[in-house]
Amino acid sequence: MLDEGSGTAKDRVTAAKWYRRAAESGYTDAMLSIALCYLRGKGVEQNARRAIYWFRRGALGRDSAAYVNLGDCYLHGRGVAKDPAIAFAWYRKAARSANWFARLKVAEMYRKGLGVTQSSRWALHWYKRTPLPSAFYHVGIMKLGLGDADSAVLALNEAAQCGHVGAMR
């Protein structure tokens with residue numbers, strides 16, 4: 001509430017202090033919040049290494065959002081050495097705990113061969129398990145490439161109905 005000014009004046013410095021206190025007391029949601037504060041420099045001095053510390057603590061608490069954020073940090077080299085293979089491992093861990101955005105990342109990494117051996121089969125596997133418009137779109141495009149026009153049309157129609165601009169064309 002303090003960090004966004006919801007119901008009170010916006011005070012990111014005080015919000016960060018409370019997040020840190022709660023995180024130090026073991027609250028996983030607060031670990032993610034303080035990590036994001038450090039990563040973005042909101043209420044604290046920007047410090048990607050401190051963000052990594054708190055994301056890892058959150059990951060120990062089995063927080064799939066912490067897994068995804070660790071994957072992002074490794075993919076882009078924020079606070080750690082850039083390593084797509086480690087990024088993939090964090091995304092896959094989150095994907096296995098039903099995090100939709102992680103499933104999308106895993107599918108994209110398989111499709112592109114980023115941090116993992118390229119595999120259209122595994123990309124399609126993860127896209128099909130992701131109920132997001134961009135996943136429906138990619139299923140459709142991949143099915144077209146495989147010559148399965150009927151399945152492609154169904155997937156692209158579903159993506160369009162969900163508002164995916166590329167599928168509406």
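The secondary structure of the protein comprises 10 helices and 0 strands, in what is a predicted model. Followed along the sequence, the pattern reads α-α-α-α-α-α-α-α-α-α. Taken along the principal axes, the C-alpha atoms fill a box of roughly 55 × 35 × 20 Å. Of the 169 residues in the protein, 40% are buried. Among contacts between residues at least 6 apart in sequence, 33% join residues at least 24 apart.

Two helix pairs help to show how the chain packs. The first to consider is formed by helix 1 (residues 12-24) and helix 2 (residues 28-40), whose axes come within 8 Å and cross at roughly 135 degrees. An angle over 145 degrees would be needed to count as roughly antiparallel, and helix 1 and helix 2 are therefore oblique to each other. The crossing of helix 1 past helix 2 is left-handed. On the side of helix 1, the contact is made by Ala16, Tyr19, Arg20, Ala22 and Ala23; helix 2 contributes Ala30, Met31, Ser33, Ile34, Cys37 and Tyr38. Sorted by class, this contact has 9 nonpolar, 1 polar and 1 charged residues.

Helix 2 also holds Ala35, a handy residue for a closer look. With a relative accessibility of 0%, Ala35 counts as buried. Once its neighbours within four places in sequence are left aside, Ala35 is in contact with Ala51, Trp54 and Phe55. For a sense of distance across the model, Ala35 and Cys162 are 127 residues apart in sequence, and their C-alpha atoms are 32 Å apart in space.

The second pair is made up of helix 6 (residues 100-112) and helix 7 (residues 120-128), which pack at an angle of about 165 degrees with their axes 8 Å apart. Because angles over 145 degrees count as roughly antiparallel, that description applies to helix 6 and helix 7. Here, too, the crossing is described by its hand: helix 6 passes helix 7 in a left-handed crossing. From helix 6, the residues making the contact are Arg103, Leu104, Val106, Ala107, Glu108, Tyr110 and Arg111, while those from helix 7 are Trp122, Ala123, Trp126 and Tyr127. By class, the contact of helix 6 with helix 7 has 8 nonpolar, no polar and 3 charged residues.

Helix 6 takes part in another kind of link as well. Side chains of opposite charge can pair when their charged atoms come close, and the structure holds 2 salt bridges. In one of them, Asp72 pairs with Lys105, with the closest N and O atoms 3.5 Å apart. Asp72 lies in helix 4 (residues 64-76) and Lys105 in helix 6, so this salt bridge ties together parts that are 33 residues apart in sequence. Burial separates the two partners into classes: Asp72 is buried, at a relative accessible area of 18%, whereas Lys105, at 25% relative accessibility, counts as partly exposed.

The other salt bridge brings together the side chains of Lys143 and Asp148, at 3.9 Å from N to O. In this pair Lys143 is buried, having a relative accessible area of 14%, and Asp148 is partly exposed, with 27% relative accessibility. Since buried means under 20% relative accessible area, Lys143 falls in the buried class at 14%, and Asp72 does so at 18%.

Conventions. Residues are numbered from 1 along each chain as its sequence is written. This is a predicted model: local features need pLDDT of at least 70, side-chain atom pairs count only at pLDDT 80 or more; totals for chains, interfaces and linings use all residues. Side-chain values use heavy atoms; hydrogens and water are left out. Axes are lines fitted to C-alpha atoms, for helices over the stretch in contact, and angles run from 0 to 180 degrees between N-to-C directions. Helices (H or I, at least four residues) and strands (E, at least two) are DSSP runs, numbered from the N terminus. Angles under 35 degrees count as roughly parallel, over 145 as roughly antiparallel, 65 to 115 as roughly perpendicular and the rest as oblique. A crossing is left-handed if the near helix is turned anticlockwise from the far one by less than a right angle, and right-handed if clockwise. Contact means heavy atoms within 4.5 Å. Ala, Val, Leu, Ile, Met, Phe, Trp, Tyr, Cys and Pro count as nonpolar, Asp, Glu, Lys and Arg as charged, and the others, Gly among them, as polar. A salt bridge is a side-chain nitrogen of Lys or Arg within 4 Å of a carboxyl oxygen of Asp or Glu. Buried means under 20% relative accessible area, exposed over 50%, partly exposed in between (1.4 Å probe, protein chains only).
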